[in-house]
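Here are some short exercises, each with a worked solution. Have your viewer ready and try each task before reading on.

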Amino acid sequence: MKKSGKLEEIASWGVKEKEQPKELLPDKTMQKPKRRLQTDKSIDLNNIENLTELQAKTRYNVGNSRIREISDEIGAVVRVGVKRLYSRRVLDDYFKRKTE
């Protein structure tokens, strides 16, 4: 039995059409930028007095925890506010002594 247009309208009152689910992609403004592995090979590290952690790791080919451990042990840490820098001369002397 076919319903008339008015009956269909009345029958559809209070009945919502199923909404299509929205894609669950997060808003691009809320995403954190992806970190790429950085290397400071383009900078001559012999001209820098105090190295950042990345520069020190690159220069001496050691990891985060090892460079922190060594620098704390020999007193090569230079603090600038909350930034942790490493004295290149002190670290160079340490590694020269280790290789002799």
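**Exercise 1. Find how strand 2 and strand 3 pair, and place them in their sheet.**

Step 1. Strand 2 and strand 3 (residues 83-87) run antiparallel, joined over four bridges; strands are DSSP runs (E, at least two residues), helices likewise (H or I, at least four), numbered from the N terminus. Two strands count as paired if DSSP finds at least two bridges between them.

Step 2. Within this pairing, V77 stands opposite Y86 of strand 3.

Step 3. The open sheet has three strands in the order 1-3-2, with antiparallel pairing. Its edges are strand 1 (50-51) and strand 2 (77-80), each pairing on one side only.

Before the next task, a word on the source: this is a predicted model, where local features need pLDDT of at least 70 and side-chain atom pairs count only at pLDDT 80 or more, while totals for chains, interfaces and linings use all residues. Residues are numbered from 1 along each chain as its sequence is written, and side-chain values use heavy atoms, leaving out hydrogens and water.

**Exercise 2. Identify the aromatic pairs and classify their geometry.**

Step 1. Searching the whole structure gives two aromatic pairs (Phe, Tyr or Trp rings, the six-membered one for Trp, with centres within 6.5 Å; planes under 30 degrees apart are stacked, over 60 edge-to-face, the rest tilted).

Step 2. Y60 and F95 have ring centres 4.7 Å apart and planes at 20°, so they are stacked. Since Y60 sits in helix 2 (residues 53-60) and F95 in helix 4 (residues 88-99), the pair ties together parts 35 residues apart in sequence.

Step 3. For Y94 and F95, the centres are 5.2 Å apart and the planes at 80°, so this pair is edge-to-face. Ring pairs thus link Y60, Y94 and F95 into a cluster.

Step 4. Y60 is buried at 13% relative accessibility, and Y94 is buried at 7% (buried is under 20% relative accessible area, exposed over 50%, partly exposed in between; 1.4 Å probe, protein chains only).

**Exercise 3. Trace the salt bridges of D92.**

Step 1. R59 meets D92 at 3.1 Å, N to O (a salt bridge puts a Lys or Arg side-chain nitrogen within 4 Å of an Asp or Glu carboxyl oxygen). R59 is in helix 2 and D92 in helix 4, so the bridge ties together parts 33 residues apart in sequence.

Step 2. D92 also bridges R88, with the closest N and O atoms 3.4 Å apart. Both lie in helix 4, four residues apart, about one turn.

Step 3. Salt bridges link E49, R59, R88, R89 and D92 in a network.
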